[in-house]
Amino acid sequence: MPPPDQPDVILIGGGIMSAHLGAMLRCLDPRLSIHVYEAGAALARESSDGWNNAGTGHAGLCELNYTPPPARPGAPVDIAKAVEIFARFEQSKAFWSYAAARGLAPHPAAFIRRLPHLSFARGEAAVAFLRARFAALSVHPFFCRMAFSTEREVIRRWAPLLVEGRNAEPIAATRSEDGTDVNFGELSRQLLAWLGAQEDCRVFTAHRVTRLRRAHAGWDVTVQAATSGESRGVRARFVFVGAGGGTLPLLQTTGLPVAQGLGAFPIAGQWLVCDHPAVVDRHFAKVYGPPPPDSGALGGPHLDARQLHGQRVLLFGPFATWTTKFLHHTGRASDLPYSLRPHNLGTLLRTGLHNRVLVRFLVQQATQRMADRLHALREFYPAARAEDWRLVDAGIRVQALKRADAGRLSFGTEVVTAPDGSLAALLGASPGASISAPIALQVIRTCFPDRLRTPAGQARMKAMIPSYDVALPDAVAHYDPLAYDRGNLLGLHPPA
Ligand SMILES: Cc1cc2nc3c(=O)[nH]c(=O)nc-3n(C[C@H](O)[C@H](O)[C@H](O)COP(=O)(O)OP(=O)(O)OC[C@H]3O[C@@H](n4cnc5c(N)ncnc54)[C@H](O)[C@@H]3O)c2cc1C
């Protein structure tokens, strides 16, 4: 057994990604000793916190950015990305069912609930697109229970706020009963509480990792305790950098080639929030609109019913705003300037030049007034009253900018690894938390392939994610939501 300061695995960051990787690795190999170091005073208070993200279980049901409008008018809508995200979210749900049943995340009602997902369109062109999207999706087994309507009375039944006080413009909506609202912060805390209670595993809060240096076999990790200010060294054979906005600065200390030319740009989010019972009690859905034309792949605005720490609220947004911090609680205004290096300045400048439309959109977002935000809200909820809504901060998306992308922005989530598999890091922001189980699986495949070679390892992984070794076409062919007993476990039984 290794001494306490030499665990097998170190996970940096106490968010949803480390929580998944830690729990999955320990289930796969119960002999692994694992340490988690979180810089903040509490776990999962950055992007994974319930207030800092939208809590949408991304499954392509309502988010229009997974089905871009066709380049040619009349061409079918491409649903490939929606199908892929649906399948990956199924893998996360499978792992959460396992976690609930085995006591890793014993209180599923506190982190996941069923909530209809709607897409909403206004005006002739948008309605025509939503109809075409529905035509393409509804013939696929994943989306065959989706409903479409242009009838105001039907849409009023689905989401009354969308119709109340609206003029005569054409509108349309799709609705999926199978949507979810997920409190990723709560889920992270449940998983990490379980992990910290396992033999030879420890979860430290208020411990910031400040440096990563190559060791003979693995990495020397410098950890600083917030209370004493003292630093100490810990050595591990494998390190996962799941530090969200803190990932780039740590990667830059590794000397790995993957960090060369890598830059990052933070985009902070804000929500309009309403907790007025007369409004909150009349909206029970997540309603997504089309992304604004200039917004790249940042995603569209949405009006969400949320339940956070027992409080029922509506959130509308997110609105982008300007920051130079990479993290809310433990970040500093100097994060962005301190991340600049001669080798990544070109990457940042090239990205800015290639994405002038997006830069203009971000400037417009950051300079808007409350009246502009309410105007955006009234496109969804025309009768919204200013006095019912207030502005709160959401999470910070730290967009990774890679030299190899030559200025193009890829908004996805990406795992980068050391060539010898001794270190993995997560870059990017979206779709993020919803695919934390397949991301952990990807890290395990790349960095712990031996654990998946034995029949025992394969059986353990199969128990956690039954489709872990199933190719997408087979996952589609075998999809049967009514035979899905794990839906039962999560309280997500599909409607009869
Ligand atoms: C506005 C917004 C809306 C979103 N909506 C959704 C959504 O609806 N659905 C969805 O699936 N995803 C959504 N996301 C994305 C999702 O929130 C993130 O992908 C996910 O939470 C990232 O988890 P993480 O564990 O990688 O990072 P985080 O949750 O940020 O955790 C990283 C942790 O690392 C710690 N840390 C940082 N540096 C150090 C260090 N040096 N040493 C020790 N600890 C450190 C931080 O304090 C933090 O606790 C949204 C994001 C934003 C910003």
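Start by selecting Ala44, in the loop between strand S2 (34–37) and helix H2 (80–101). Helices (H or I, at least four residues) and strands (E, at least two) are DSSP runs, numbered from the N terminus. Ala44 has a positive phi of about 55°, although it is not a glycine. Is Ala44 buried or exposed? Ala44 is buried, because 28 other C-beta atoms lie within 10 Å. A residue is called buried if 20 or more other C-beta atoms lie within 10 Å of its own, exposed if 12 or fewer, and partly exposed in between, with C-beta atoms placed from the backbone.

Before you go on, a word about the model. It is a predicted one: local features need pLDDT of at least 70, side-chain atom pairs count only at pLDDT 80 or more, and totals for chains, interfaces and linings use all residues. Residues are numbered from 1 along each chain as its sequence is written.

**Next stop: helix H2**

Now select residues 80–101, which are helix H2. H2 has 22 residues and reaches 32 Å from its first C-alpha to its last, close to the 32 Å expected at 1.5 Å a residue. That expected span is 1.5 Å times one less than the number of residues. Of the 22 residues in H2, 18 are buried. Just after the helix, click on Gly103, whose phi is positive, near 85°.

**Into the core**

Select Ile12, Leu191 and Val239 together: among the 134 residues of the largest nonpolar core, these touch the most other members. Helix H2 gives the most to this core, with twelve residues. A nonpolar core here is a set of buried Ala, Val, Leu, Ile, Met, Phe, Trp, Tyr and Cys residues joined through C-beta atoms within 7 Å. In soluble globular proteins, nonpolar side chains tend to be buried together.

Keep Ile12 on screen. Leaving aside its neighbours within four places in sequence, Ile12 is in contact with several residues, including Tyr37, Val209, Phe240 and Leu250. Contact means that the two C-beta atoms, placed from the backbone, lie within 7 Å.

**Around the ligand**

Which residues are closest to the ligand? They are Gly13, Gly15, Gly244, Gly246 and Gly432, out of 44 residues that surround the ligand. A residue is counted as near if its C-beta atom, placed from the backbone, lies within 6 Å. Colour helix H1 (16–28), strand S9 and strand S17 (390–401) to see elements that each supply at least two residues of this shell.

**A hairpin**

Follow strand S9 (residues 207–215) into strand S10 (residues 218–225): the two pair in the antiparallel sense over eight bridges. Strands pair if DSSP finds at least two bridges between them. S9 and S10 form a hairpin with two residues between them. Look across the pair and you will find Arg214 opposite Trp219 in S10.

Just before this hairpin, select Ala206, in the loop between strand S8 (202–204) and S9. Its phi is near 55°, a positive value in a residue other than glycine. Ala206 counts as partly exposed, because 16 C-beta neighbours lie inside 10 Å.

**Last stops**

Go to Pro318 in strand S16 (residues 311–321). The peptide bond from Gly317 to Pro318 is cis, with omega near -5°.

Finish at Leu340, in the loop between helix H9 (335–339) and helix H10 (342–354). Leu340 counts as exposed, because it has 12 C-beta neighbours inside 10 Å. Add Pro249 to your selection: the C-alpha atoms of Leu340 and Pro249 are separated by 9.7 Å, although the two are 91 residues apart along the chain.
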